[in-house]
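Student: I have a structure to read and do not know how to begin. Could you take me through some of its features?

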Amino acid sequence: MTYNKTLIIAAKVISMIFTPFYLPLVGIALLFSLSYMNMLPMSYKLLVVGIVYFLTILIPTFLIHLYRRHRGWSLIQLGHRRRRLVAYAISILCYLACIWLMYYYNIYHFIVIIVVAALLIQAVSVFINIWWKISTHTAAIGGVVGALMAFAELFRFNPVWWLCLAILVSGILGTARIILRQHTLGQVVVGFFVGLVCAFFSILYL
């Protein structure tokens, strides 16, 4: 019994740490670290990080929390397929606002496209979610893997160790979602490949 309780607590912590909202910020951090963009001025980097953090993490998290409290739902209850649609809508609107603001400030295309890729992942997840629930957690980490592959192709660097780390996290996160009974194995796997494909092709071709 104690072992099972510890496992569930660990799964909850992992799900909270690797929340889907952090996908754009992680992608931008990787871009700033692994490409020529690491030479950009710190003030520029802080502006980008501030915009992305405010509009893709802070605001949607706060609004979804308010919505959940208003309806009297727990996080588990919010995870039901139909109930997730409002959370998706809030997040998508915030991402659209972020993209508009980044274009307003003439942020580099390679940076903006990361948020566009994250928005595409959410849009596809919403479409699939109408009929069948998939994991947005593994879609997000799949997006990180796809972004790594795409940027490795664009900037010609070796992503092997980063890919190994991202795939390891993907396995841990997918297992956590299954332990919490939020998803089946199929929902976790489909979510991962939705994220990977959307991120890879949007970054390369948009």
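**Reading one helix and its surroundings**

Tutor: Begin at the start of α7, where a side-chain oxygen of S135 comes to within 3.4 Å of the backbone nitrogen of H137. That fits a polar contact, a pair of N or O atoms within 3.5 Å; within protein, one must be able to donate a hydrogen and the other to accept it, and residues adjacent in sequence count only if both atoms are side-chain atoms. The model is predicted: local features need pLDDT of at least 70, side-chain atom pairs count only at pLDDT 80 or more, and totals for chains, interfaces and linings use all residues. Residues are numbered from 1 along each chain as its sequence is written, and side-chain values use heavy atoms, with hydrogens and water left out.

Student: What span does helix α7 reach from its first C-alpha to its last?

Tutor: Helices are DSSP runs (H or I, at least four residues), numbered from the N terminus. The expected span is 1.5 Å times one less than the number of residues. Helix α7, residues 136-155, has 20 residues and reaches 28 Å, close to the 28 Å expected. R156 follows α7 and has a positive phi, near 55°.

Student: How many residues of α7 are buried?

Tutor: Buried means under 20% relative accessible area, exposed over 50%, and partly exposed in between (1.4 Å probe, protein chains only). In α7, 17 of the 20 residues are buried, so the helix is largely enclosed by the rest of the structure.

Student: Which residue forms a salt bridge with E153?

Tutor: A salt bridge is a side-chain nitrogen of Lys or Arg within 4 Å of a carboxyl oxygen of Asp or Glu. The partner of E153 is R156, with the closest N and O atoms 3.6 Å apart. A search of the whole structure finds one salt bridge. R156 counts as exposed because its relative accessibility is 65%, while E153, at 42%, counts as partly exposed.

Student: Which element gives the most residues to the largest nonpolar core?

Tutor: A nonpolar core is a set of buried Ala, Val, Leu, Ile, Met, Phe, Trp, Tyr and Cys residues joined through side-chain atoms within 4.5 Å. The largest one here has 58 residues, and F151 is among those with the most contacts inside it. α7 gives the most to this core, with eleven residues.

Student: Which residues does F151 contact, leaving aside its neighbours within four places in sequence?

Tutor: Contact means heavy atoms within 4.5 Å. On that basis F151 is in contact with L31, F110, I114, R156, F157 and I203.

Conventions: Helix = DSSP H or I, 4+ residues; strand = E, 2+ residues; numbered from the N terminus.
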